[in-house]
Amino acid sequence: MSSTDAGPPDVDLGRVWLGVAAQVWRREPGWAERAAGRLLRSPGLARALMTTPSLLLGWLIATAAVLAAGVLATLGTGTPYVPLLAPAVAAAGIAYAYGPGIDPAWELSLSMAVSDRMVLLVRALVVFGLNAALGLAASAASGAAAAVTFGWLVPMTAACGLALAAATLARSANVGVAAGAAGWVITVLAGRAAAGRLTAVITDSALILPYLAFAACCGLIVLYATRIPRGTS
Amino acid sequence: MNVELTDLTRRFGRTTAVAGVSLHTGPGVFGLLGPNGAGKTTLLRMTATVIPPTSGRLRLLGRDPGGYEPRREIRRRLGYLPQNLGYYPGFTVAEFVEYFALLKDMPPGRVPQAVAAAIEHVGLGDRARARLRTLSGGMLRRAGIAQAIVNEPELLLLDEPTAGLDPEQRVAFRGLLRELGQRATVIVSTHLVEDVGAACSEVALMEQGRIVFHGTPAELTARGEGSGAAGDAPLERGYSAVLAAARSTTAARA
């Protein structure tokens, strides 16, 4: 049978349209998402990271503005305000990284294959890293001494741990922010009362181990609060 | 059996939301009826692995969701539409559906085609690039249904899926349910008895955390015949009759 005898091949127009629509509606991930996807080996986790509320541009600008105000205050008064501000700002960012009321689609996310605990962990780590970088840049800009420039990183870990643990347990970012900020303010004021210096809590090396131990305890609380109980069957 | 619930109980403090529910079902559309506060949403949330049961046995798609890997495998094959669908207002419909396709661990190469298919399935093709904040309630509900079916789930859980849909959309949605039910287990929680009559092959009625009826829509209809129960349609009269009987039994026990 010659080819001219055959009718036109059947074309599934619906299928063709789906192919076209898939290309037209396709979203091109940005360089940061592509890099995160390669690093985390999970495009879903990378996408979840990119939607972190406290990594959105508005939040980052607000963080930079607070730290810039701290730089100006430090340069104007000589008191190192940046190291005192940075832990509280980071704690707020961590508390607002993930959770009900913060993530609009949080309920839905809980039924997804990409583990919500992994999403929380990755988001918290990136928010912490970014806040540490911004804080270090602000510290350097304020001309603080080296001991003060790096001294707040460990207390920041403790403040962030407290904020995350409180937010996870209470299932409320606002509670996390309140706990982290209040904890840090109380620590600073207690340090000032005990040593007579506002910066005692970031320059006293004897506090490093207690800060780390506290942060570790908070980490354990977060792991416990985000566990899935076993033995349901 | 895709869903095996045995003596499933969930408590929130002193409140028992689901009390010893046992249910086994395979492919088909399963309707979950009941008044407000009957425990339908809690039962669906447990079946969606969002919350664990307080006690009882739960097996989904032949796996125990208590373990990490089985749970992950279940979630890859699961579609879930919660009662209160949260969404990112700045996302487009396509971005929203794609987000959940990725969170469901779908192979990235398959995602664009699957997203397009899901959006077309719910009739939102002309709004695929519209921001979610610009959509009506019914359109948002359809976007929610699109994310639920994007991975062609073997187990689909829909909590009040027709809320906000207009009559034409509801008719189309029932057709979609019947189509999906041919290869998957679809559990639909609804207040709308006519949805159950039109789309479901099996139905359960919940009251105060318990299943007080389990059968076909025809069997539920039969319960209402000659009972004098309230309702405009035969199925509604069956619903009312079963509910009244369950409440009188509870009252007699008390």
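Start in chain B of this predicted model. Select Gly79(B) and Leu156(B): the two are bridge partners, with Leu156(B) lying in strand S6.

Now widen the selection to the two strands. S5(B) covers residues 78-81, and four bridges join S5(B) to S6(B). The pair runs parallel.

Next, show S6(B) alone, residues 155-159. Color by burial. Five of the five residues are buried, so the strand is largely enclosed by the rest of the structure. Turn on side chains. Which residues point which way from S6(B)? Leu155(B), Leu157(B) and Asp159(B) point one way. Leu156(B) and Leu158(B) point the other way. Both sets are buried.

Add S7(B), residues 185-189. S6(B) and S7(B) pair over five bridges, again in the parallel sense. For a marker, pick Leu155(B), which stands opposite Thr185(B) in S7(B). Then trace the connection. From S6(B) the chain passes through helix H6(B), residues 167-181, and on to S7(B). This β-α-β crossover is right-handed.

Last stop: the contact between chains A and B. Select the residues on both sides. Chain A brings 29 residues and chain B brings 41. On the chain A side, highlight three helices: H1 (13-25), H3 (43-50) and H6 (106-109). Each supplies at least two residues to the side that touches chain B. Which element gives the most? H1(A) does, with five residues. Finally, color this side of chain A by class: 16 residues are nonpolar, eight are polar and five are charged.

How values were computed
Residues numbered from 1 in each chain as written. Chains lettered and ligands numbered in written order. Predicted model: local features only at pLDDT ≥ 70, side-chain atom pairs only at ≥ 80, totals over all residues. Contact = placed C-beta atoms within 7 Å. Nonpolar A, V, L, I, M, F, W, Y, C, P; charged D, E, K, R; others polar. Buried ≥ 20, exposed ≤ 12 C-beta atoms within 10 Å, placed from the backbone. Pairing = 2+ DSSP bridges. Right-handed = clockwise from strand over helix to strand, strands pointing away.
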